[in-house]
Amino acid sequence: MASTDASADDTLDLHLPAEFIALYGSAGNDPGTGGEGLLGRVADWGPAETPVGVFHLAPVDLDRDLPLITRWMNDPAVAAYWELTGPPSVTEDHVRAQLTGDGRSVPCLGLLDGAPMSYWEIYRADLDPLARYCPVRPQDTGLHLLIGEDADRGQGLGTVLIRAVTDLVLSSRPACTRLLAEPDVRNAPSVAAFRAAGYRYAAEVDLPGKRAALMVRERAPRT
């Protein structure tokens, strides 16, 4: 697999499609919209070269992205775990709460070769309610994600993208020593994708509304 470190030489010359630059190339300065929040400037992470194409995280713009994210949230395969079915206002409330916060959680579209195909929430696990239910370290970073289209599921794509985003976090946030994820224990494909991406199944944790599989990826020690 090619390096996904944003500072690596093989990512510096990646060229994004013009359509991507037009739609997703700029980001605001507010926390939660790619600005300097508690996670840094997520809009500047990447692009990352992966075996399946060039991947980039684009912080959500509600005016642009709400219809697409709402459609994904109403897909039964997604709704079973995200529980955000309903009119656009349901998704809007969920995403806007992050965009208007202090930047501890940044909602993003995942774009593959310029096309939006996944939704991500990158969050400070040490500042999240998750910290009430399991031990966390300062600067721990958490991941939530969904693959938007049925045709993209079940092919190992989730594993590739989790690896890419994990590498982006670790290269962009030097103070972060671990990444965490907490998929529902019933969501076997998600748990398997995190395992295959190098996460270990650390524990089962009772969270509000679900029993979660706590998945942990440690930063490799320097040699």
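I will walk through the overall make-up of this chain, then its nonpolar cores, and finally helix H7, all in a predicted model.

To begin with the chain as a whole, it has seven helices and eight strands, and buried residues make up 47% of its 223 residues. If we take contacts between residues at least 6 apart in sequence, 63% of them join residues at least 24 apart. The chain exposes about 10,400 Å², of which carbon and sulfur atoms supply 52%.

Turning to the interior, the largest nonpolar core holds 32 residues, and among these Leu-57, Trp-120 and Ile-122 touch the most other members. Two or more residues of this core come from each of strands S2 (53–59), S3 (105–112), S4 (115–124), S5 (141–147), S6 (178–181) and S8 (210–218), and likewise from helices H6 (157–172) and H7 (188–196). The largest share, seven residues, is that of H6. There is also a second, separate core of 17 residues, which includes Leu-62, Leu-68, Val-95 and Leu-99.

I would like to finish with H7, and to ask which of its residues are buried. They are Ser-190, Val-191, Ala-193 and Phe-194. Looking down the axis of H7, we find these buried residues within an arc of 160°, and so they line one face of the helix. In general, an α-helix has 3.6 residues a turn, so residues three or four places apart point the same way. As for what the buried residues of H7 pack against, the partners are S5, H6, S6, strand S7 (200–207) and S8. After H7 comes Gly-198, whose phi is positive, near 100°.

Conventions: Residues numbered from 1 in each chain as written. Predicted model: local features only at pLDDT ≥ 70, side-chain atom pairs only at ≥ 80, totals over all residues. Heavy atoms only, no water. Core = buried A, V, L, I, M, F, W, Y, C linked by side-chain atoms within 4.5 Å. Buried < 20%, exposed > 50% of the residue type's maximum accessible area, 1.4 Å probe, protein only. Helix = DSSP H or I, 4+ residues; strand = E, 2+ residues; numbered from the N terminus. Arc of directions from axis to C-beta. Contact = heavy atoms within 4.5 Å. Areas by Shrake-Rupley, 256 points an atom, 1.4 Å probe, with all protein chains shown as cover.
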